[in-house]
Amino acid sequence: VGPSKNNKKPEILKSCYFNTLNLAKETNIRSIAFPCISTGNYEFDPIQAAQIALETVRNWLSDPSNSN
C-alpha cells in the first residue's frame, strides 16, 4: 500500500519500490515490472509517482551493494 492524495508522504511510495527491489534481489528475480503504485484509487499524483519511482530505482541500481 502506498500513499494517498490526502496522505502525501513520498517516502512511503519510495519504500514500496525499494523494498520490492531488495526482495527481488534476495530471491534472484531477474525481471520486474511495477504498476503505477497509488495512482488509482489512492489518487496520488501520477507525475510525482513516476518521478519517485524512477529516482528510487536509479538510486537503488547505482548502489554498488546491489550489483550481482
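This passage describes the packing of two helices in a predicted model, together with the setting of one residue at their contact and of two cysteines.

Helix α1, which spans residues 10–26, packs against helix α2 at an angle of about 40 degrees, and the axes of the two helices lie 9 Å apart. The two helices are therefore oblique to each other, and α1 passes α2 in a right-handed crossing. The residues that form the contact between α1 and α2 comprise 10 nonpolar, 3 polar and 2 charged ones. On the side of α1 the contact involves P10, L13, K14, Y17, F18, L21, N22 and K25, which meet Q48, A49, I52, A53, T56, V57 and W60 of α2.

Among the residues of this contact, I52 belongs to helix α2, which covers residues 46–62. With a relative accessible area of 11%, I52 falls under the 20% limit and is therefore buried. When its neighbours within four places in sequence are left aside, I52 is in contact with P10, L13, K14 and F44. Of these partners, K14 is separated from I52 by 38 residues in sequence, although the C-alpha atoms of K14 and I52 are 6.3 Å apart in space.

The cysteines C16 and C36 were also examined for their accessibility. C16 has a relative accessibility of 17% and therefore counts as buried, being under 20%, whereas C36, at 61%, exceeds the 50% limit and so counts as exposed. With a disulfide taken as a pair of cysteine sulfur atoms within 2.5 Å, the count of disulfides in the model comes to 0.

Notes:
Residues are numbered from 1 along each chain as its sequence is written. This is a predicted model: local features need pLDDT of at least 70, side-chain atom pairs count only at pLDDT 80 or more; totals for chains, interfaces and linings use all residues. Side-chain values use heavy atoms; hydrogens and water are left out. Helices (H or I, at least four residues) and strands (E, at least two) are DSSP runs, numbered from the N terminus. Buried means under 20% relative accessible area, exposed over 50%, partly exposed in between (1.4 Å probe, protein chains only). Contact means heavy atoms within 4.5 Å. Axes are lines fitted to C-alpha atoms, for helices over the stretch in contact, and angles run from 0 to 180 degrees between N-to-C directions. Angles under 35 degrees count as roughly parallel, over 145 as roughly antiparallel, 65 to 115 as roughly perpendicular and the rest as oblique. A crossing is left-handed if the near helix is turned anticlockwise from the far one by less than a right angle, and right-handed if clockwise. Ala, Val, Leu, Ile, Met, Phe, Trp, Tyr, Cys and Pro count as nonpolar, Asp, Glu, Lys and Arg as charged, and the others, Gly among them, as polar.
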